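Student: I would like to go through this model with you, from the overall layout down to single residues. Please show it first.

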Amino acid sequence: MAKKKIIRVAKVQVKAGEASPATVGKDLGPLGINLMEFCRQYNAATQEQRGFVVPALITIYEDRSFELETKKPTTASLLRHAAGVSAGSSRPGHVRAATITRAQLREVVLAKLSDLNTTDPAQAEKIIAGTARSMGLAIVD
């Protein structure tokens, strides 16, 4: 069997288990893939991660078929969950949205370590702490 020709690779970030043609239509509609099929596959793949925003990579072939690859939840989504808030601060650096403990930060680091551009947990902790600060989250020991 000949390999299918890839025409596009698209990325989307949708809440886990909540994809619908209405939420992904403007991003994926122009690409010509079956939106209902994408939503069915995405929701099945991300069912256990409900409450998080999960990025997905969609490889689209010239016959309009596609392959779906889900990633780990976004760092911001993991931090919001750890802090128990629905959103970060509207004015990071001025208004604190919430606080998280160093232990909670380490849990997020362990969850995201394979996605980061380092294998050193101490360096990864600095990267995630920077994201937390930019969201208006304070880290306490």
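The questions and answers below take up the fold, the helix contacts, the salt bridges and a few single residues.

Student: What should I know about the model before reading any values?

Tutor: The model is predicted, and local features need pLDDT of at least 70, side-chain atom pairs count only at pLDDT 80 or more, while totals for chains, interfaces and linings use all residues. Residues are numbered from 1 along each chain as its sequence is written, and side-chain values use heavy atoms, leaving out hydrogens and water.

Student: In what order do the elements of the chain run from the N terminus on?

Tutor: Helices (H or I, at least four residues) and strands (E, at least two) are DSSP runs, numbered from the N terminus. The chain has five of each. From the N terminus on, the order is β-α-α-β-β-α-β-α-α-β.

Student: What share of the residues of the chain counts as buried?

Tutor: Buried means under 20% relative accessible area, exposed over 50%, and partly exposed in between, with a 1.4 Å probe and protein chains only. The C-alpha trace spans about 55 × 30 × 25 Å along its principal axes. Of the chain's 141 residues, the buried share is 38%.

Student: Among contacts between residues at least 6 apart in sequence, what share joins residues at least 24 apart?

Tutor: Contact means heavy atoms within 4.5 Å. Take the contacts between residues at least 6 apart in sequence; the share that joins residues at least 24 apart is 60%.

Student: Are α3 and α4 roughly parallel or roughly antiparallel to each other?

Tutor: Two packed helices are described by the angle between their axes and the distance between the axes. Axes are lines fitted to C-alpha atoms, for helices over the stretch in contact, and angles run from 0 to 180 degrees between N-to-C directions. Helix α3 (residues 75-83) and helix α4 (residues 102-112) pack at about 150°, with axes 10 Å apart. Angles under 35 degrees count as roughly parallel, over 145 as roughly antiparallel, 65 to 115 as roughly perpendicular and the rest as oblique, so α3 and α4 are roughly antiparallel.

Student: Which residues of α3 and α4 make the contact?

Tutor: The crossing of α3 and α4 is right-handed (the near helix is turned clockwise from the far one by less than a right angle). On the α4 side, the contact uses Gln-104, Leu-105, Val-108, Ala-111 and Lys-112. On the α3 side, it uses Thr-75, Leu-78, Leu-79 and Ala-82.

Student: How are α1 and α2 oriented to each other?

Tutor: Helix α1 (residues 21-28) packs against α2 at an angle of about 120°, and the axes are 10 Å apart. Their crossing is right-handed. By that angle, α1 and α2 are therefore oblique.

Student: How many nonpolar residues does the contact of α1 with α2 have?

Tutor: Pro-21, Val-24, Gly-25 and Leu-28 of α1 meet Leu-35, Met-36, Phe-38 and Cys-39 of α2. Ala, Val, Leu, Ile, Met, Phe, Trp, Tyr, Cys and Pro count as nonpolar, Asp, Glu, Lys and Arg as charged, and the others, Gly among them, as polar. The contact has no charged residues and one polar residue; the nonpolar count is seven.

Student: How many salt bridges are there?

Tutor: Side chains of opposite charge can pair when their charged atoms come close. A salt bridge is a side-chain nitrogen of Lys or Arg within 4 Å of a carboxyl oxygen of Asp or Glu. By this rule the count is nine.

Student: How many residues apart are Asp-63 and Lys-4?

Tutor: Asp-63 forms a salt bridge with Lys-4, with the closest N and O atoms 3.9 Å apart. Asp-63 sits in the loop between β2 (53-61) and β3 (66-70), and Lys-4 in the segment before β1 (6-15). The pair links distant parts of the chain, and the separation is 59 residues.

Student: What separates Glu-37 and Arg-40 along helix α2?

Tutor: The side chains of Glu-37 and Arg-40 meet in a salt bridge, 2.5 Å from N to O. Glu-37 is partly exposed at 25% relative accessibility. The two are three residues apart in helix α2 (residues 35-46), so the separation is about one helical turn.

Student: Is Thr-46 buried or exposed?

Tutor: Thr-46 lies in helix α2. Leaving aside neighbours within four places in sequence, Thr-46 is in contact with Ala-16, Gly-17, Val-54 and Thr-70. Its relative accessible area is 0%, so Thr-46 is buried.

Student: What is the phi of Arg-64?

Tutor: Arg-64 is found in the loop between β2 and β3. At 41% relative accessibility, Arg-64 is partly exposed. Although Arg-64 is not a glycine, its phi is positive, at about 70°.
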